[in-house]
Amino acid sequence: MDTVTILFGTESGNSEMVADDISKALEDNGIKSEVFDMEDYDVGDLGMREMVIIVSSTYGEGDLPQTALPFFKALNELKPDLSSTRFAAFGLGDSTYDTYNRGISTLASAFADLGATQVGETGRHDADSGLDASDVAVPWINDLFAAARV
């Protein structure tokens, strides 16, 4: 497998920490990965990626975090062909809000609409649970890669 690309969208830095911890978990299992802030990633390169993991929080009333907005806009404008790309999605949210994890749902839908195939279920962290987001994300990614043999 090629290097797994991990893209994060964040408002306060939590998604970046989770992305870094997912990267470390993959590398601990012999899988190379690279981590990018969505706002710094060239959407035109997505179609060349075999496997992408998207990590995003939800901000405000169900909005994408600030660093994901340019990325999402570029996805909608450029509409890259992602038919040969697989992706996994992990969201950070708070279930006390009606818009719980809407950010990751928005991004996952955009990837699927562009032809990408989702691997496994979307992982979801709930801030209301009191659990650390990485303590949810790392077992999720380990289970996902073990089950899917990605």
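Colleague: Which residues form one aromatic cluster in this model, and how do you know that two rings pair?

Modeller: Phe71, Phe87 and Phe111 form one aromatic cluster. Rings of Phe, Tyr and Trp (its six-membered ring) pair if their centres lie within 6.5 Å, with planes under 30 degrees apart counted as stacked, over 60 as edge-to-face and the rest as tilted. By this rule the count comes to four aromatic pairs. In the pair of phenylalanine 36 and tyrosine 41 the ring centres are 5.1 Å apart, which is within 6.5 Å, and the planes stand at 55 degrees, neither under 30 nor over 60, so this pair is called tilted.

Colleague: What kind of model is this, and how are its residues numbered?

Modeller: The model is predicted, so local features need pLDDT of at least 70 and side-chain atom pairs count only at pLDDT 80 or more, while totals for chains, interfaces and linings use all residues. Residues are numbered from 1 along each chain as its sequence is written, and side-chain values use heavy atoms, with hydrogens and water left out.

Colleague: Why is tyrosine 41 called buried, and what is phenylalanine 36 called?

Modeller: Buried means under 20% relative accessible area, exposed over 50%, and partly exposed in between (1.4 Å probe, protein chains only). Tyrosine 41 has a relative accessible area of 8%, so it counts as buried, whereas phenylalanine 36, at 27%, is partly exposed.

Colleague: What makes aspartate 28 and lysine 24 a salt bridge?

Modeller: A salt bridge is a side-chain nitrogen of Lys or Arg within 4 Å of a carboxyl oxygen of Asp or Glu; the closest N and O atoms of aspartate 28 and lysine 24 are 3.1 Å apart, so the pair qualifies. Aspartate 28 and lysine 24 are four residues apart in helix H1 (residues 14-28), which means a separation of about one helical turn. Both aspartate 28 and lysine 24 are exposed.

Colleague: How many salt bridges does a search of the whole structure find, and which pair links distant parts of the chain?

Modeller: The search finds three salt bridges. One of them joins the side chains of glutamate 50 and arginine 86 at 3.3 Å, N to O, and this pair links distant parts of the chain, with glutamate 50 in the loop between strand S2 (33-37) and strand S3 (51-57) and arginine 86 in strand S4 (residues 86-93), 36 residues apart. Glutamate 50 is partly exposed at 28%, and arginine 86 is partly exposed at 26%. Glutamate 77 also forms a salt bridge with lysine 73, their closest N and O atoms being 4.0 Å apart.

Colleague: How do you know that the buried residues of H2 lie on the same side?

Modeller: The buried residues of helix H2 (residues 69-78) are Phe71, Ala74 and Leu75. They cover an arc of only 105 degrees around the axis, so they lie on the same side of H2, the arc being that of the directions from the helix axis to the C-beta atoms. On the other side of H2, Lys73 and Glu77 are exposed.

Colleague: Why is serine 23 called buried, and what joins its side chain to that of serine 33?

Modeller: Serine 23, which lies in helix H1, has a relative accessible area of 10%, so it counts as buried. A polar contact of 2.6 Å joins the side chains of serine 23 and serine 33, and a polar contact is a pair of N or O atoms within 3.5 Å, where within protein one must be able to donate a hydrogen and the other to accept it, and residues adjacent in sequence count only if both atoms are side-chain atoms.

Notes:
Helices (H or I, at least four residues) and strands (E, at least two) are DSSP runs, numbered from the N terminus.
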